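Visitor: I am new to this structure. Please take me through one part of it closely, the second largest pocket, and then show me what else is worth a look.

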Amino acid sequence: MANKIQLTNNYPDITESDKLFERALKVQKPVTQTLAKGPGQFSKGVSPKYLVKGKGSHVWDADGNEYIDFNAAIGPVSLGYAYPAVDEAIRRQLNDGITFSLMHPLEVELSELVQQVIPNAEAVKIAKTGADVCSAAIRLARAFTGRDKVFCCGYHGWHDWYIGITSRNAGIPEAIQELTYTFEYNDIESIKAALDETVAVLILEPFIFEAPKPGFLEQLAEVCRENGTLLIFDEMWTGFRIALGGAQEYFNVKADLAVFSKACANGMPIALLTGRADVMELLNSEVFSYTTFGGEALSLAACVTTINELRDKNVPQYLDQNGALLKDGYNQLAISMGMNQYTRCIGYNCRSMVTFTPEAGNALELKTLMQQEMIKRGVLWAGFHNMCYSHTTEDIDYTLLAYRDVLPIVKEAILSGDIKSYLKGEVLEAVFRKVSNYNIKPKAAAL
């Protein structure tokens, strides 16, 4: 019998998931369309591999097992699975068509709405994926400044200009790899020392889990402006979650350009490039960035409805309040169980992460153990609490009960000195690592 959400489950039967996986191995390379959803991030032998249904904050796998989902489809589900208002908007548009031979009025309607809610959105460009708009923003910044070098901090997609700094850089010419440099978050002095007249653009996630030091983002904007370098906020995770207008609104710091995708259409594929009109003007003539499906109308309809729901229901406040219950509840449990030297939950309330200290042992083994035990209890767990509007207080209360059940097992494994012996499946894989050193000066400035 398929598992329901209860503390007394057996490990889930994943027979159908495994059958699908075996079929996939014969025809797909790789078997997943994004690494965060792939089998390397979920314990092989215990975790489901395929989901077939979602409703609200719950999902069901190919074997019928039910889970509370805190992954939110790796970010896009901001309201909830099968959210009625968004699904109805998609159905209404579906009756009239999906993609057309001319532009669609929803392109104008969405752009006007985005301009209302996102600071400094003097102009808007619509695309399909986060990587697309990140790369369009980089190309635009290079064209506007007449410079080539890029400074980055965070994850910005799969395109050559960024992925060349990681260990998965095969196929990217060395000349491209040498144009991008990394910097360390919250270290403003090293950025000041490295910026020079060759740097076109500095792109970063305004925060990932660590909060910016007082004045860091403000100083960043100032030093970029003084150097003639454009500042891009990659708001894939911060946009529409920390505040409706993203980090620019929350911290009251304006970037020259800002890019969004996750969260703004509740799972439909769409991405937004916003920013200064004088910079965006180059997209009219000098800079090429086009895609056939940019005006696909189902996603446009979903995006308009999602943003209106996020605004009308004050969803960012809801995510903050409920996320705090989960984050603070976890940390209180860790303290009460004498585990606060081993684990804590960090980040902003809308998106927090369970971490383990070096003293606890191998972090991937610990994450695997926590995952297998949480999944057994009906929580699809990957280390994060990506909050959505459909997460109820009942979901949070239950998840904290599951943590109360699981943390003693994790503590026992830590104290045993042999965490791996507690695992039923394989240890999780690392996605990739950055290979560039932090704070590398452009070569012209290093002389």
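**The second largest pocket and beyond**

Guide: The model is predicted. Start with the lining of the second largest pocket, which counts 24 residues. Nearest the pocket's centre lie Met 103, Glu 107, Lys 125, Ile 126 and Tyr 290. Three elements each give two or more residues to this lining: α3 (105-117), β4 (123-127) and α10 (277-280). β4 gives the most, with four residues. Sorted by class, the lining holds twelve nonpolar, nine polar and three charged residues. The volume of the second largest pocket is about 650 Å³.

Now turn to the nonpolar cores. In soluble globular proteins, nonpolar side chains tend to be buried together. The largest nonpolar core here has 94 residues. Leu 110, Leu 204, Phe 240, Met 370 and Tyr 403 touch the most other members. Helix α14 (residues 393-416) supplies the largest share of this core, ten residues. Another core lies apart from it, with 30 residues, among them Cys 152, Tyr 162, Ile 172 and Ile 203.

Take Leu 204 by itself. Leaving out residues up to four places away in sequence, the contacts of Leu 204 include Cys 153, His 156, Phe 183 and Tyr 185. Phe 216, Leu 217 and Leu 220 are also among them. So are Leu 231, Ile 232, Phe 233 and Asp 234.

Next, strand β3 (residues 66-69). Glu 66 and Ile 68 point one way, Tyr 67 and Asp 69 the other, and all are buried. β3 pairs with strand β2 (residues 58-61) in the antiparallel sense, over three bridges. Within that pairing, His 58 has Ile 68 as its bridge partner. The two strands form a hairpin with four residues between them. Gly 64 sits in the turn and has a positive phi of about 90°. β3 also pairs with strand β13 (residues 379-380), in the parallel sense and over two bridges. There, Asp 69 stands opposite Leu 380.

Last, the backbone. Most residues other than glycine have a negative phi, and most peptide bonds are trans. Ala 73 has a positive phi of about 60°. Ala 73 belongs to the loop between β3 and α2 (84-96). Its relative accessibility is 24%, so Ala 73 counts as partly exposed. Asn 266 also has a positive phi, near 50°. Its loop runs between β9 (257-260) and β10 (271-275). At 10% relative accessibility, Asn 266 counts as buried. A cis peptide bond joins Lys 29 and Pro 30, with omega about -5°. Pro 30 is in the loop between α1 (15-27) and β1 (51-55).

Note on methods. Residues are numbered from 1 along each chain as its sequence is written. This is a predicted model: local features need pLDDT of at least 70, side-chain atom pairs count only at pLDDT 80 or more; totals for chains, interfaces and linings use all residues. Side-chain values use heavy atoms; hydrogens and water are left out. On a 1 Å grid over the protein atoms alone, a cavity is a set of points where a 1.4 Å probe fits but cannot get out, and a pocket is an open set with protein on both sides within 12 Å along at least five of seven lines; lining residues have an atom within 4 Å of a point. Grid points are joined across faces, edges and corners, and a volume is the space filled by probe spheres set on the points. Ala, Val, Leu, Ile, Met, Phe, Trp, Tyr, Cys and Pro count as nonpolar, Asp, Glu, Lys and Arg as charged, and the others, Gly among them, as polar. A nonpolar core is a set of buried Ala, Val, Leu, Ile, Met, Phe, Trp, Tyr and Cys residues joined through side-chain atoms within 4.5 Å. Buried means under 20% relative accessible area, exposed over 50%, partly exposed in between (1.4 Å probe, protein chains only). Contact means heavy atoms within 4.5 Å. Two strands pair if DSSP finds at least two bridges between them.
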